[in-house]
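Trainee: I should like to learn how annotated positions and helix geometry are read together in a model. May we work through one case?

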Amino acid sequence: MTVTYSSYLKVDELLECQQPLSEGPEHDELLFIVIHQSYELWFKQLLHELDFLVRLFCAGERNRALHTLKRVDTIYRTLIQQVDILETLTPLEFMSFRDRLSTASGFQSYQFRELEFLYGAKDPRKLQNYEQGSEHYQRLQTRLEAPTLWDAFLQFLAHEGHTIPDSVLNRDFSQVAESSPAVRAVLIDVYRNDPLVSDICEALVDIDTSLQQWRYRHVKMVERTIGSKMGTGGSSGVGYLQSTLFKPVFPDLWAIRSEF
């Protein structure tokens, strides 16, 4: 069979995935669906890139790791720009189909939860939103127990000859990593004596910054659309989202800014 643009990309199947539920349907529901499906596709790509990055760290591939970090940050900048499109949706336009979402909520995005776990925000309570034994539950369980991106980076530093305490390298990966003075001392030494690895550190900070910017833009978009109303699926809406702001993914990389 001849491979065409449509057959390779499964275009027909892809364009069948947008199924508005409102009567008519409401004009703006399609935009809402397309944007959120696009987010899920980008989440898939982010997981693909970050898992690759973990392997690159394990293999000591400095240059390719830096290249991949830059790609990840570029994807996050794209996600931030997509908020601009969502913000064209007025409160009245959103309310025209919001009730059709029923119990559906972004809280249920298992790929986003996977990203959170991979970045180190481990919380077993988040598995409660998924049926035990289901594929989504198993994927999150695996992420919960696996080393984070930061753990992989610290292993990379250890292989590069830096002294990372065993208690840090062999911690319980299902728990949130604690900030470490010993690690911060290593990072300061890296910044002073290893330009390429310090570039990797700065690329990690870039991702952290972009992720925080995306969270902030998302919160403000939700606030301007539904105000202080309860979120879809019974979530607390803006209140919960605000609680996630300004929490760095790589706190030790931020802490050393005041220690140079």
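Trainee: Which residues does the UniProt annotation "binding site" (unreviewed entry) cover?

Mentor: Please keep in mind that this model is predicted. The unreviewed UniProt entry places the "binding site" annotation on Phe32, Ile33, Val34, Ile35, His36, Arg98 and Thr232. The UniProt record also lists His218 under "binding site", again in an unreviewed entry.

Trainee: Where is Arg98 found, and is Arg98 buried or exposed?

Mentor: A relative accessible area under 20% counts as buried, and one over 50% as exposed, with partly exposed in between. Arg98 lies in the loop between helix 5 (91-95) and helix 6 (110-119). Arg98 is buried because its relative accessibility is 12%.

Trainee: Where are the two histidines, His36 and His218, placed?

Mentor: His36 belongs to helix 3 (residues 29-59), and its relative accessible area of 31% makes it partly exposed. His218 sits in helix 11 and is partly exposed as well, at 25%.

Trainee: How is the span of helix 11 to be read?

Mentor: One sets the distance from first to last C-alpha against the span expected at 1.5 Å a residue. Helix 11 (residues 195-226) has 32 residues and reaches 46 Å, close to the expected 46 Å.

Trainee: What is found at Ile226 and just after helix 11?

Mentor: Ile226, in helix 11, is buried at 10% relative accessible area. Its C-alpha is 6.3 Å from that of Pro91, although 135 residues separate the two in sequence. Just after helix 11, Gly227 adopts a positive phi of about 65°.

Methods
Residues numbered from 1 in each chain as written. Predicted model: local features only at pLDDT ≥ 70, side-chain atom pairs only at ≥ 80, totals over all residues. Heavy atoms only, no water. Helix = DSSP H or I, 4+ residues; strand = E, 2+ residues; numbered from the N terminus. Expected span 1.5 Å × (residues − 1). Buried < 20%, exposed > 50% of the residue type's maximum accessible area, 1.4 Å probe, protein only. UniProt positions renumbered as here; feature names shortened; annotations may be inferred.
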